[in-house]
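Hi everyone, thanks for coming. I'd like to walk you through a structure this morning, so please take a look at the screen.

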Amino acid sequence: MSEELIGRFKDKTGCEWIIDLDVATCREVLKLTGIDLANFHDGKSLQALWSNDEKLVDVLWVLVKEQAEKLDVDDVACAKRLNGDVLASGLEAIQQAILGFTRPDRRELVRQIMNKAAKLTEKMVAAAAANIESDKIDQQADKAIARMTSQMDAAIAKQFASGS
């Protein structure tokens, strides 16, 4: 297996972790996290890892556990070494290792799935940012505040009308 198909990432302390997948490790990840790295080509595992950081942390732990134990690092200590940048690097390392694990006849398909997912994620982030910057949210908030104010005014008026 070529070196570029082994995943590597560094945690906040600068410790480098190596991710090199095999069937036994994929089975353990599936058993402990429900993420099927061995059949990554279906796209479901990629979507799960991209959308759920807690699941990503769990998968990373399973993948580095043997290395961590040699360094006397438990799962909590390992999690404290992770932040957003490290999680992004860890996901990239997982993807790289998956390419190395994938049979050569499926490798290009998996690479295309990863690239397409990255492009779609960029589009979703851009759309969300555009939505946040648009007046739609402000208009919806103004309507909600107006409704709430009207309901409060009606409740106060009812209280005074009943003589309480």
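**Two cysteines, a hairpin and a core**

Let me start with Cys-78, which is buried, at a relative accessible area of 6%. Keep in mind throughout that this is a predicted model.

Now, for those of you who think about cysteines at the bench: how many disulfides does the structure hold? The number is zero. Cys-15 takes part in no disulfide, and the nearest cysteine sulfur to its own belongs to Cys-78, 8.6 Å away. Turn that around and Cys-78 is in no disulfide either, with the sulfur of Cys-15 as its nearest at 8.6 Å. A pair would have to lie within 2.5 Å to count, so the 8.6 Å between these two sulfurs rules them out. Like Cys-78, which is buried, Cys-15 is buried, here with a relative accessible area of 17%.

Next, the hairpin. Strands S1 and S2 form it, with five residues between them. Gly-14 sits in that turn and has a positive phi of about 95°. S1 covers residues 7-10, runs antiparallel to S2, and is joined to it by four bridges. Within that pairing, Phe-9 stands opposite Trp-17 of S2.

Which side chains of S2 are buried? They alternate: Trp-17 and Ile-19 point to one face and are buried, whereas Glu-16 and Ile-18 point to the other face and are not.

That brings us to the core. In soluble globular proteins, nonpolar side chains tend to be buried together. Here the largest nonpolar core has 36 residues, and Phe-9, Ile-19, Leu-37, Leu-49 and Ile-94 are those with the most contacts inside it. Strand S2 and helices H1, H2, H3, H5 and H6 each supply at least two of its residues. Which element gives the largest share? That is H3, with nine residues.

Let's zoom in on Leu-37. Leaving out residues up to four places away in sequence, Leu-37 touches Leu-21, Cys-26, Val-29, Ser-45, Leu-49, Val-59, Leu-63, Ile-94 and Ile-98. Two of those names, Leu-49 and Ile-94, you just heard among the residues with the most contacts in the core.

One last stop: Arg-107, in helix H6. Where does its side chain reach? The side chain of Arg-107 gets to the backbone oxygen of Thr-102, at 2.8 Å. Setting aside neighbours within four places in sequence, Arg-107 is in contact with Leu-5, Leu-99, Gly-100 and Thr-102.

That's my tour. I'm happy to go back to any of these spots.

Note on methods
Residues numbered from 1 in each chain as written. Predicted model: local features only at pLDDT ≥ 70, side-chain atom pairs only at ≥ 80, totals over all residues. Heavy atoms only, no water. Core = buried A, V, L, I, M, F, W, Y, C linked by side-chain atoms within 4.5 Å. Buried < 20%, exposed > 50% of the residue type's maximum accessible area, 1.4 Å probe, protein only. Contact = heavy atoms within 4.5 Å. Pairing = 2+ DSSP bridges. Polar contact = N/O pair within 3.5 Å; in protein donor to acceptor, adjacent residues only side chain to side chain.
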